Structures are given as structure tokens and as C-alpha cells.
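Reader: Could you take me through the spot where the ligand sits, piece by piece? I'm a first-year, so please spell out the terms as you go.

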Amino acid sequence: MKLFAGNSNQILAEQVTKYIDVPLGRANVRRFADQEIFVEILENVRGEDCFILQSTSYPANDHLMELLIMIDALRRASARRITAVIPYFGYARQDRKPGPRAPISAKLVANLIAEAGADRVLTLDLHAAQIQGFFDIPTDNLFAVPVLARDVKEHYDLKNVMVVSPDVGGVVRARALAKRCESLLAIVDKRRDKPGESEVMNVIGDVKDKDCILIDDIIDSGGTLCNAAEALLAIGATSVTAYITHGVLSGGAVARITSSKLKELVITDSIQPTAAVEAAANIRVVSISDLMGEAVKRTALEKSVSSLFD
Ligand code: R5P
């Protein structure tokens, strides 16, 4: 087997190659003068089981295009099988038509990846589990919950923990964490009765004197989390920490988190942390490299991936 990486997450790719004990495949992924992407695979892949690790994170369009062109290069070089390993699958938030004339970008991107020549997809915490079905090729959706739960157990007295979903849509994910931490579950119910009126946060569950653990798949602007944290503290929570799989953290999100009432934000390295994230006093990164590495290894060995979560 061989594992190649685009430019989105070279550090994670190196860690995964260490875990699977296979050197990173040699490839040249750079730009022409006009910023078109130029890809050259620098070793023979004929008949090989090939993996490409690439998150379609910021800059999303460039990273997506790198992935597509790398898949094309491997396909034309006669790789036996190509697995797109996408720790963060971007363009996932438009996954249905909430109104007329809206696109479903998650489906479009899934089509592009399959059409480029990928045989399989390995990804992590898809924004919505049903996006798996948008791919007409086998797709494994891993969960960061075991990694996050281990961290919660190391840092908190579980007797006082309350897992909280920041919105109704995230309850399944929050329940999975609560189950592993044997803790109770609360839900923040965001409502805006009329357009233009400010959001009202109702908390379902008694969070008074609890260490609240908010869990979500994505933090982008940080608005959802900071608002939920304020609502929880206002009704007597002792502390609020957030565990989020994908630290998108665009615009002024890092500054917003550092000046918020969040005790800590814990994210994974599904998206390579920026220098600002690494310097932030209340943001910590836990690695999913072993989880991804084990899933890559099992895929190559045709072993069960789902049993990783039993
Ligand atoms: C929404 O459905 C997602 O799960 C996240 O809650 C959302 O994308 C977070 O965005 P932001 O940080 O911009 O509020």
C-alpha cells in the first residue's frame, strides 16, 4: 500500500504514515504561475492499494481540486485501488434543499470525488450521517467520539459532568459521548420566533453546578458555541468546555473563543491547526492520527472498520 498527501494536512499524514509504518508516498503538488494545480506522482503505483489523505478545509476549493487531480493522477498511473482519506469533508453543510433553488453541494462534491476515480472514501464525523449515502462508492464514516471521550475522562470528574448538545440536530452525537462518559445529557434549543428577532436559548436539562461539555462536529465562526456557553453559565453551570471534531475556525473565531467564557475548546487535527490556534491559551488539539491510521490499516487489510467503535 501507499499513502500520499495533498497540502491540507501534511502533519497528520506524516503521523498516519508513522502509525501504519509505511513512508509517505512521494508526490509533487504545487502551482503553475497562474495558480492552477500541478500534480506529479514521483513513484510507481501500478497495481498498488493507494490512499490520499486530504481535508477539504480552507482554502476549500484549492484543497478539493488538489484531491481530485491527485486521484486522477493515480488512476491514470494504474493504481489498483484509490481510497480518498478525508478527515474533514467540507461543503457538507449544504446537504439538502431547505428552500427552492438551493444546491446540494455535499452531493456534488461526492459525485466529483467518485467521478475523478476514487474507489472508496474514509472520512470522519460527516456533518450529517446520511451524506455517506451521497457516495456511490463504499464510504466509511469514522467517529471522533472515542478520542474525545478519553480526553474528557482524563480531565474531568465524570460525576459532575453534563454533556450538552448545542442544538437539537446534534443530539445523536452528544448522546454517544454521554453514553461513553456515563453522564447525563442536556440540549440547547435555539429558537427565533420571527425573522429579525434575536435567538432565544432554552436549555433542556438541569445544568446547575455542572461541568458542561458541549459537543459538536464543526466550529466555524464560534457563534453557536459562545452563545450556548453563555446560556449555560447564565443558569448556573460551573464551567463550559467544548469538544469539537473539526476546528474550521474562520475569520475572527479564534479571538472570539479566547475572549469567551469557555473554559476550553478542544478540537482535533482533522484540519491542520493554524499558528493562531496553536497560540490560543484556551484551545487545545487532540490527535485523531491513530484512529485514522488504524482505519487505513484495516481498509488495506480488508478488516472491519466499524468494530473500531464497538
Ligand atoms: C451546524 O449545524 C453545525 O453543527 C455547527 O453547529 C455550525 O456549523 C457551527 O458554526 P458556527 O461556529 O459558525 O456557529
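Author: Here's a walk around the ligand and its neighbours.

First, this is a predicted model, where local features need pLDDT of at least 70, side-chain atom pairs count only at pLDDT 80 or more, and totals for chains, interfaces and linings use all residues. Residues are numbered from 1 along each chain as its sequence is written, and side-chain values use heavy atoms, with hydrogens and water left out.

The residues around the ligand (those with a heavy atom within 4 Å of it) include Arg93, His127 and Asp167, along with Asp216, Asp217, Gly222 and Thr224. By type, that shell splits into two nonpolar, five polar and five charged residues; here Ala, Val, Leu, Ile, Met, Phe, Trp, Tyr, Cys and Pro count as nonpolar, Asp, Glu, Lys and Arg as charged, and the others, Gly among them, as polar.

Now for the polar contacts, meaning pairs of N or O atoms within 3.5 Å. Thr224 puts a polar side-chain atom 2.5 Å from a ligand oxygen, and Asp217 has a polar side-chain atom 2.6 Å from an oxygen of the ligand. With Gly222 it's a polar backbone atom instead, 2.8 Å from a ligand oxygen.

So which elements give two or more residues to this shell? They're strand E11 (211-219) and helix H6 (223-234), both DSSP runs numbered from the N terminus (helices are H or I, at least four residues; strands are E, at least two). E11 supplies the largest share, four residues.

Notes. A polar contact is a pair of N or O atoms within 3.5 Å; within protein, one must be able to donate a hydrogen and the other to accept it, and residues adjacent in sequence count only if both atoms are side-chain atoms.
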